[in-house]
Amino acid sequence: MQTVAELFATDTLLTGEEREIRDTVAAFTERRVRPHIAEWFETGTFPVREIAPELGTLGVLGMHLEGYGCAGLPATAYGLACQELEAADSGLRSLVSVQGSLAMTAIHKFGSEEQKTEWLPEMAAGRMLGCFGLTEPDFGSDPGGMRTRARRDGDDWVLNGSKMWITNGSVADIAVVWAKVDVQGKDVVRGFLVPAGTPGFTTREMARKLSLRASITAELTLDDVRLPGTAVLPGSEGLSAPLSCLSEARFGIIFGALGAARDCLQAAIDYARTRAVFDKPLAAYQLTQAKLADMAVEWGKGQLLALHLGRLKDRGELTPQQVSAGKLNSTREAIAIARECRTILGANGITLDYPVLRHANNLESVLTYEGTAEVHQLVLGKALTGSAAFR
């Protein structure tokens, strides 16, 4: 018997360091997360303040960044870490993605030396948490339509607006908030660092979620929030700044979603081998084997694409369009695999005794955030035709 990874011999494409990082993260999730994740999902809770410092010790927070307490590891190694985190739960990978690929990356790319020195080492250690305030209640796929604004008042900045669906928003020590600034009569998007507790800055945790329940999601409200002139990220100018951070997060999802799919597939295989139906194992039926074979092939193709994109990124050759292709493929195939695995488990598949419907529910969010499947289709359509269909 082979695992799905063994079937495609994907380990032969990894370096020893990459395998070691992957296995270390997998061991952490096995010890620290998997025994509790069903309960956290059911109760809609996650002990982020306990887990974050452990993730810092593990070295996965901002692990792809250089300096300031970050490991500076290759992109493929980061992707493999995301895969093992999401094999445990998408909420865990989201925590790491938002902290490292969004909030820390924004500061690392666009911040001043003082901002980097103040925030990045503490965030890499998991002692400080960050969030990324881009999405608004009426502007998800069209971030350029944001209504949040910043204006100068003497040496200060004053921010007004709101952000929605912000992971870690209500527990973050620092929020990277994107707002429009009037520059000579033209709106320009800039990034601002908003510390928790700043007067006028409030958060509301979003409840009644049916997906990513083991993850903290919040709405941010900025009501005449006054910040010093040093709060702006000096290198951020234009929508390309936050979009470049999103591209970093999407790269992690390319690997991460396949981790959730692999976990579902392994659960379905294990169940089918032990479940007796009409006096023989469910795994011995042709229909079951056909399902498993088709899912394994789709997973294998997705994994090979992810590793190829990782190598391109490590060489500095990865394009945003290629990231869109990977994100679209991984999320779309992962949710299809999760749903099909549920059919193999039958009624048992809807319980939290097995991970498949938890993963399927989470993947509904993963399919949508960091660019919906439809948006990524249009990105690829533009690349292929030269015509933009967004407007």
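User: Before we look at charges, how do you decide which residues carry one?

Analyst: Lys and Arg count as positive and Asp and Glu as negative, while His and the chain ends are not counted. Each charge is placed at NZ of Lys, CZ of Arg, CG of Asp or CD of Glu. With that rule, the protein has 40 positive and 47 negative charges, and their mean positions are 4 Å apart. A word on the source: this is a predicted model, where local features need pLDDT of at least 70, side-chain atom pairs count only at pLDDT 80 or more, and totals for chains, interfaces and linings use all residues. Residues are numbered from 1 along each chain as its sequence is written, and side-chain values use heavy atoms, leaving out hydrogens and water.

User: Why is Ser-215 called buried or exposed?

Analyst: Buried means under 20% relative accessible area, exposed over 50%, and partly exposed in between (1.4 Å probe, protein chains only). Ser-215 has 6% relative accessibility, so it counts as buried. Across the protein, buried residues make up 53% of the 391 residues.

User: Which residues is Ser-215 in contact with, leaving aside its neighbours within four places in sequence?

Analyst: Contact means heavy atoms within 4.5 Å. By that test, Ser-215 touches Phe-46, Gly-91, Thr-167 and Lys-209.

User: What makes the protein as compact as a globular protein of its length?

Analyst: The radius of gyration is taken over C-alpha atoms, and the globule rule is 2.2 Å times the number of residues to the power 0.38. For 391 residues the rule gives 21 Å, and the protein's radius of gyration is 21 Å, so it is as compact as a globular protein of that length.
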